Amino acid sequence: MIFEKKDQDSLNKIIASRRDVRGNNFINKKISKKKLLKILNSAQNAPSVGYSQPWRFLIVNKEDKELVYNHFSKSYEKSKEKFNNKLYNSLKLEGIKESNINIAVYYEKSKTNILGQTYMKRTGEYSVVCAILNMWLTARSLNIGMGWVSILKPKKINKIFDINKNDYKFIAYLCFGYTKEFLTEPELKRLGWKKKKKLKEIILKKGKK
Ligand SMILES: Cc1cc2nc3c(=O)[nH]c(=O)nc-3n(C[C@H](O)[C@H](O)[C@H](O)COP(=O)(O)O)c2cc1C
């Protein structure tokens, strides 16, 4: 298939307008099963080391959402000590309860040799992250927001979902839902937490040890 300029423009538009969506922006509207399947199918089209497809998705039920939220609240309070910063303390850094669907994402550890994973063991985990980005972009194309919550202790999350760490590694906790709006730039940029890096700042020169 040969793509045309309008396809390239659409892809650019979706990439540039993808945002991390938090609880201050989700609205109370159900995501249809059809749309959820579109998002999950896009994960299955991600690249993976040795075509291992090691991503696993756990759709969180209402009771467990509550448990994750309670754990998040404690972790967030604790994380405030680290930053000791007025802006950090005012940030809304999740949308667990406000979003319609929460998905815990796991990496299934391989029991056999995987092509390409011999020396770089974490390529399996990188593959899962590739799948997450597909989901993020697909959701955005469907006008559905996604927020990534990482102020969580994997050990606690595994306990909530009764998942054995010998078999699976917790990678991400994702919140999906319709939004009031999609911000035109990252919220952390808008609030002055960090600036967007210039192209020359992201080019690494040879000899940096
Ligand atoms: C691995 C990862 C973990 C993240 N964890 C959190 C989080 O715990 N809470 C939060 O509010 N945002 C989280 N984010 C979202 C980032 O803050 C956000 O992507 C960044 O500020 C850029 O904004 P944008 O995604 O809207 O462009 C996470 C993003 C990534 C990729």
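N143 is partly exposed, with a relative accessible area of 46%. The model is a predicted one. N143 sits in the loop between helix 5 and strand 3 (145–149). Its phi is positive, about 60°, although N143 is not a glycine. Most residues other than glycine have a negative phi.

Q53 shows a positive phi as well, of about 45°, and Q53 is not a glycine either. This residue belongs to the loop between helix 2 (33–44) and strand 1. How exposed is Q53? Q53 is partly exposed, at a relative accessible area of 26%. Partly exposed covers the range between under 20%, which is buried, and over 50%, which is exposed.

Now turn to the strands. Start with strand 2 (residues 101–108). In strand 2, 7 of the 8 residues are buried, so the rest of the structure largely encloses it. Which strands pair with strand 2? One is strand 1 (residues 55–59), which pairs with strand 2 in the antiparallel sense over 5 bridges. Another is strand 4 (residues 168–177), antiparallel to strand 2 and joined to it by 8 bridges.

Individual residues let you trace this pairing. Take I103 in strand 2. I59 stands opposite I103. I103 also stands opposite L174 in strand 4. Further along, Y107 stands opposite K169 in strand 4.

Strand 4 has another pairing to follow. It runs antiparallel to strand 3, and 5 bridges join the two. Here M146 stands opposite F176 in strand 4. Is strand 4 largely enclosed or largely open? Strand 4 is largely enclosed by the rest of the structure, because 8 of its 10 residues are buried.

Next, look at N102. N102 is placed in strand 2. N102 has a relative accessible area of 1%, so it counts as buried. What does the side chain of N102 find there? It makes a polar contact with the side chain of S99, at 2.9 Å. Leaving aside neighbours within four places in sequence, N102 is in contact with L58, I59 and V60 among others. The list also includes K65 and I96. Y173, L174 and C175 are in contact with N102 too. Two of these names have already come up: I59 and L174 each stand opposite I103.

Two serines in helices come next. S127 lies in helix 5 (residues 123–141). Its relative accessibility is 4%, so S127 counts as buried. Buried means under 20% here. Where does the side chain of S127 reach? It reaches the backbone nitrogen of V49, at 3.0 Å. Not counting residues up to four places away in sequence, S127 touches P47, S48, V49, P54 and W55. G50 is 77 residues from S127 along the chain, yet their C-alpha atoms are separated by 9.8 Å.

The other serine is S75. S75 lies in helix 3 (residues 62–83). S75 is buried, with a relative accessible area of 13%. The side chain of S75 reaches the backbone oxygen of H71 at 2.9 Å. Leaving aside neighbours within four places in sequence, S75 is in contact with I151 and L152.

I151 leads on to the ligand. I151 is one of the residues around the ligand. Which others surround the ligand? They include R18, R19, D20 and R22. L93, W148, V149 and S150 belong to the set as well. So do P186 and L188. By type, the shell divides into 6 nonpolar, 1 polar and 4 charged residues.

Which protein atoms lie by the nitrogen and oxygen atoms of the ligand? In R18, an N or O atom of the side chain is 2.8 Å from an oxygen atom of the ligand. In L93, a backbone N or O atom lies 2.9 Å from a nitrogen atom of the ligand. In W148, a backbone N or O atom lies 3.2 Å from a nitrogen atom of the ligand. Taken alone, the ligand exposes 620 Å², and the protein buries 72% of that.

Definitions and conventions: Residues numbered from 1 in each chain as written. Predicted model: local features only at pLDDT ≥ 70, side-chain atom pairs only at ≥ 80, totals over all residues. Heavy atoms only, no water. Helix = DSSP H or I, 4+ residues; strand = E, 2+ residues; numbered from the N terminus. Buried < 20%, exposed > 50% of the residue type's maximum accessible area, 1.4 Å probe, protein only. Contact = heavy atoms within 4.5 Å. Polar contact = N/O pair within 3.5 Å; in protein donor to acceptor, adjacent residues only side chain to side chain. Pairing = 2+ DSSP bridges. Near = heavy atom within 4 Å. Areas by Shrake-Rupley, 256 points an atom, 1.4 Å probe, with all protein chains shown as cover. Nonpolar A, V, L, I, M, F, W, Y, C, P; charged D, E, K, R; others polar.
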